[in-house]
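Q: I would like a close look at a single part of this model, with its surroundings described in connection with it. Please take the structure below as the starting point.

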Amino acid sequence: MNSVNNNRTLNRRLARARRRREGMTLIEIMIVVVIMALIATAVGVAVLPQLEKAKERTTTSDVQAIDSAVQLFLMQGGNDCPTVEDLIEDGYLDDSKNTVDPWDGDYSIECNGDNITVISSGSDRQPGTEDDISS
């Protein structure tokens with residue numbers, strides 16, 4: 001009889017041990033979630049500044065393309081300082097080019113004699129601030 005009780009006790013212990021091994025505890029799941037959050041934060045910290053730099057490089061490239069189109073427009077007899085829409089209508093600027101900056105602001109064009117300035121208001125969308133990008 002004693003050996004039967006020992007077998008039952010042993011079987012119960014084995015069954016409990018198997019049940020514990022089958023699933024994950026709440027603490028284990030929470031640890032995994034915290035680790036994943038830390039990894040996501042690290043990726044965000046590394047990627048977001050690069051995204052802003054890419055927007056600035058794109059804007060610089062667009063400003064240069066628009067500046068070149070304005071110069072060509074004025075050299076071929078344009079009298080007034082054109083808008084981006086004028087440059088597209090007259091074929092000086094391809095309509096596949098970005099006509100707004102990456103922050104959804106319009107490019108402005110200023111002409112003072114031979115001096116041409118194309119300006120993007122930058123990420124703050126306020127003209128005349130230090131984050132403006134111009135030709």
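Which residue of β2 does I109 stand opposite?

A: I109 stands opposite V118 in β2, and in this predicted model that strand is a useful place from which to look at the rest of the sheet. Five bridges join β1 to β2, and the two strands run antiparallel. Another position in this pairing is C111, whose bridge partner in β2 is I116. The two strands form a hairpin with two residues between them, and in the turn G113 has a positive phi of about 65°.

On the other side of the pairing scheme, β2 and β3 are antiparallel as well, here over two bridges. I119 is a residue that stands opposite S134 in β3. Taken together, the three strands form an open sheet in the order β1-β2-β3, with antiparallel pairing. Because β1 and β3 stand at the edges and have a single partner strand each, one side of each is left without a neighbour in the sheet.

Helix α2 packs on this sheet and touches β1, β2 and β3, its direction making about 150° with that of β2. Five of the six residues of β2 are buried, so the strand is largely enclosed by the rest of the structure. As general background to reading such a strand, side chains in a regular strand alternate between the two faces of the sheet.

The end of β2 can be followed residue by residue. S120, which is found in strand β2, is buried, with a relative accessible area of 0%. Apart from neighbours within four places in sequence, S120 is in contact with T59, D101, W103, Y107, D132 and I133. T59 is itself listed among the buried residues of α2, so this contact ties S120 to the helix that packs on the sheet. S120 also lies 8.5 Å from V100, C-alpha to C-alpha, although the two are 20 residues apart in sequence.

The next residue to consider is S121, which has its place in the loop between β2 and β3. S121 is buried too, with a relative accessible area of 16%, a value that falls under the 20% limit used for buried residues. With neighbours within four places in sequence left aside, the contacts of S121 are D101, Q126, P127, T129, D131 and D132. D101 and D132 are thus contacts of both S120 and S121.

Seen from the helix, the packing involves a set of buried residues in α2, namely T59, D62, V63, I66, D67, A69, V70 and F73. What covers them includes β2 (115–120), together with α3 (84–89), β1 (108–112) and β3 (133–134). The helix comprises 50 residues, from 26 to 75, and at 1.5 Å a residue it should span 74 Å; its end C-alpha atoms are 72 Å apart, which agrees with that expectation. α2 is followed by G77, a residue with a positive phi, near 105°.

One of the buried helix residues, F73, also takes part in the one aromatic pair that the structure holds. The ring centres of F73 and Y92 are 5.4 Å apart and the ring planes stand at 85°, so the pair is edge-to-face. This pair links distant parts of the chain, since F73 belongs to helix α2 whereas Y92 lies in the loop between α3 and β1, 19 residues apart. The two partners can also be described by accessibility: F73 is buried, with a relative accessible area of 11%, while Y92, at 23% relative accessibility, counts as partly exposed.

To place β2 in the protein as a whole, the secondary structure comes to three helices and three strands, and along the sequence these follow the pattern α-α-α-β-β-β. Of the 135 residues of the protein, 19% count as buried. Among contacts with a separation of 6 or more, residues 24 or more positions apart account for 41%. The accessible surface of the protein comes to about 10,000 Å², and 53% of that surface belongs to carbon and sulfur atoms.

Conventions: Residues are numbered from 1 along each chain as its sequence is written. This is a predicted model: local features need pLDDT of at least 70, side-chain atom pairs count only at pLDDT 80 or more; totals for chains, interfaces and linings use all residues. Side-chain values use heavy atoms; hydrogens and water are left out. Helices (H or I, at least four residues) and strands (E, at least two) are DSSP runs, numbered from the N terminus. The expected span of a helix is 1.5 Å times one less than its number of residues. Buried means under 20% relative accessible area, exposed over 50%, partly exposed in between (1.4 Å probe, protein chains only). Contact means heavy atoms within 4.5 Å. Two strands pair if DSSP finds at least two bridges between them. Axes are lines fitted to C-alpha atoms, for helices over the stretch in contact, and angles run from 0 to 180 degrees between N-to-C directions. Accessible areas come from the Shrake-Rupley method with a 1.4 Å probe; for residues, only the protein chains shown count as cover. Rings of Phe, Tyr and Trp (its six-membered ring) pair if their centres lie within 6.5 Å; planes under 30 degrees apart count as stacked, over 60 as edge-to-face and the rest as tilted.
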